[in-house]
Amino acid sequence: SMDEHPGENEACGMSGSSAFQAHYKHSSVARSHPHLPSNKRLSDLLHGMETGWHSHRRERTSAMRRVEAYLEEDIVVNGSVTERSCQLPPDVRCTIAVAASSDGTLFATSHGDHAIRIFSVVTGKTVAVLDGHARTPWTLSFHRLNSHLLVSGCLNGELRLWDVRSRQCIKHAVLGPDRVTSVAFHPDKNMVAAACGRDLYFWDIGSDELPKKVLETTIGFLCLYFHPNGNWLLTCEVRSLGTGSSGGAGAALSHTPHFCIRLRDLSNELRPFSSLDPQQPYTDLLPMVLVYSESGTCISPCGSFLA
């Protein structure tokens, strides 16, 4: 877990991971806790969000996160999950990426036939097919605030921005010859983060500017996620490709890739950090993980859970 309360963590000098565990123990989203919603308070929060009772942005954000935390506990702790299958055409042999819209009405999938399909959550039926990528779209992301905007990145280094309502590509850019391994919308801004090979790009979709390269790693990125607070970027990176083992003549060369998860500060030149205390030495948030693609990680909307 990752904490969103800098003051508390700075006072205790905890690392990001331990601070989160402590925060969850002492301010759990359990319904019995007095400062989080009971059924009555949950209803009040939802009513306030709908009617504009929360007049200030901070109040609205706080209310939204409390509601999200309440709902997430029902799924994570109580296991309240149901399943529904969606039908694909018989010639679609593989599904590469999946993304859900922020309003919960749609989800998008990409496939080996280079198409992106948009499904209705209510009916489970296909409502749109987006064509345009020359190669397979590898990664998808919906805008958090404008749920009709979808960004995709494919194997030939191309980004496309789609308006799902009109089923049209409204912007595109080419980052390079490598595949785009991950894309992520900033939670508040019209900005996309995209990983292509060893490079990280920021793309201002509200302007005519091309994507800007902001960081280069030694080997490469596997996935990117903005934290809901909009200040941090979570990256899963390849630390090393491992070392060969010499076992005598005829022995096979063995490589063990090493992956890590880093939390980067957007306000400090994307410097990685693992503690909210600036005096603490830097370490990776998770120094050793096994992740094959962005489908292997996810941050919860309230920012409290990392799966």
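Me: Why is histidine 114 called partly exposed?
Reply: Its relative accessible area is 28%. Buried would need a value under 20%, and exposed one over 50%. The 28% of histidine 114 falls in between, so the residue counts as partly exposed. Keep in mind that this is a predicted model.

Me: Where is histidine 114, then?
Reply: Look at the loop between E2 and E3.

Me: What makes the phi of histidine 114 worth a look?
Reply: It is near 75°, a positive value, and the residue is not a glycine. Most residues other than glycine have a negative phi. Leucine 270 also has a positive phi, of about 60°, and is not a glycine either.

Me: Where does leucine 270 sit, and is it buried or exposed?
Reply: Leucine 270 is in the loop between strand E15 (258-265) and E16. Its relative accessible area is 5%. The cut-off for buried is under 20%, so leucine 270 is buried.

Me: Back to histidines. How do you know whether histidine 133 is buried or exposed?
Reply: Use the same test. Histidine 133 has 6% relative accessibility, and a value under 20% means buried, so histidine 133 counts as buried. You'll find this residue in the loop between E4 and strand E5 (137-142).

Me: Which residues does histidine 133 touch?
Reply: Leaving out residues up to four places away in sequence, histidine 133 touches His114, Ile116, Ser152, Cys154, Glu158, Arg160 and Trp162. So histidine 114, where we started, is among the residues that histidine 133 touches, since a contact means heavy atoms within 4.5 Å.

Me: What makes the link between the side chains of histidine 133 and serine 152 a polar contact?
Reply: The distance is 2.7 Å. A polar contact needs N or O atoms within 3.5 Å, one able to donate a hydrogen and the other to accept it. The 2.7 Å fits that limit, so the pair qualifies. The side chains of histidine 133 and glutamate 158 are joined by a polar contact too, at 3.1 Å.

Me: Why is the pair of phenylalanine 107 and phenylalanine 119 given the name it has?
Reply: The structure holds three aromatic pairs, and this is one of them. The ring centres are 5.1 Å apart, and rings pair if their centres lie within 6.5 Å. The planes are at 15°, and planes under 30 degrees apart count as stacked, so this pair is stacked. The pair links distant parts of the chain: phenylalanine 107 belongs to strand E2 (residues 106-111) and phenylalanine 119 to strand E3 (residues 116-120), twelve residues apart. Phenylalanine 119 has 2% relative accessibility, so it counts as buried.

Me: What makes tryptophan 232 and phenylalanine 273 a pair, and of which kind?
Reply: Their ring centres are 5.6 Å apart, which fits the limit of 6.5 Å. The planes stand at 70°, and over 60 degrees counts as edge-to-face, so that is what this pair is called.

Me: Why say that this pair ties parts together?
Reply: Tryptophan 232 lies in strand E14 (residues 232-240) and phenylalanine 273 in strand E16 (residues 271-273), so the pair ties together parts that are 41 residues apart in sequence. Tryptophan 232 is buried at 8%, and phenylalanine 273 is buried at 10%.

Me: How do you know that cysteine 236 is in no disulfide?
Reply: The nearest cysteine sulfur, that of cysteine 223, is 4.4 Å away. A disulfide needs two cysteine sulfur atoms within 2.5 Å, so cysteine 236 misses out. A search of the whole structure finds zero disulfides. Cysteine 236 is buried, with a relative accessible area of 1%, while cysteine 94 counts as partly exposed at 35%.

Me: What makes valine 122 exposed?
Reply: Its relative accessible area is 65%. Exposed means over 50%, so valine 122 makes the cut. Valine 122 is in the loop between E3 and strand E4 (126-130).

Me: And threonine 181, buried or exposed?
Reply: Threonine 181 has 6% relative accessibility, and under 20% means buried, so threonine 181 counts as buried. This residue is in strand E9 (residues 180-185). A polar atom of the threonine 181 side chain lies 3.2 Å from the backbone oxygen of phenylalanine 221.

Notes: Residues are numbered from 1 along each chain as its sequence is written. This is a predicted model: local features need pLDDT of at least 70, side-chain atom pairs count only at pLDDT 80 or more; totals for chains, interfaces and linings use all residues. Side-chain values use heavy atoms; hydrogens and water are left out. Rings of Phe, Tyr and Trp (its six-membered ring) pair if their centres lie within 6.5 Å; planes under 30 degrees apart count as stacked, over 60 as edge-to-face and the rest as tilted. Helices (H or I, at least four residues) and strands (E, at least two) are DSSP runs, numbered from the N terminus. Buried means under 20% relative accessible area, exposed over 50%, partly exposed in between (1.4 Å probe, protein chains only).
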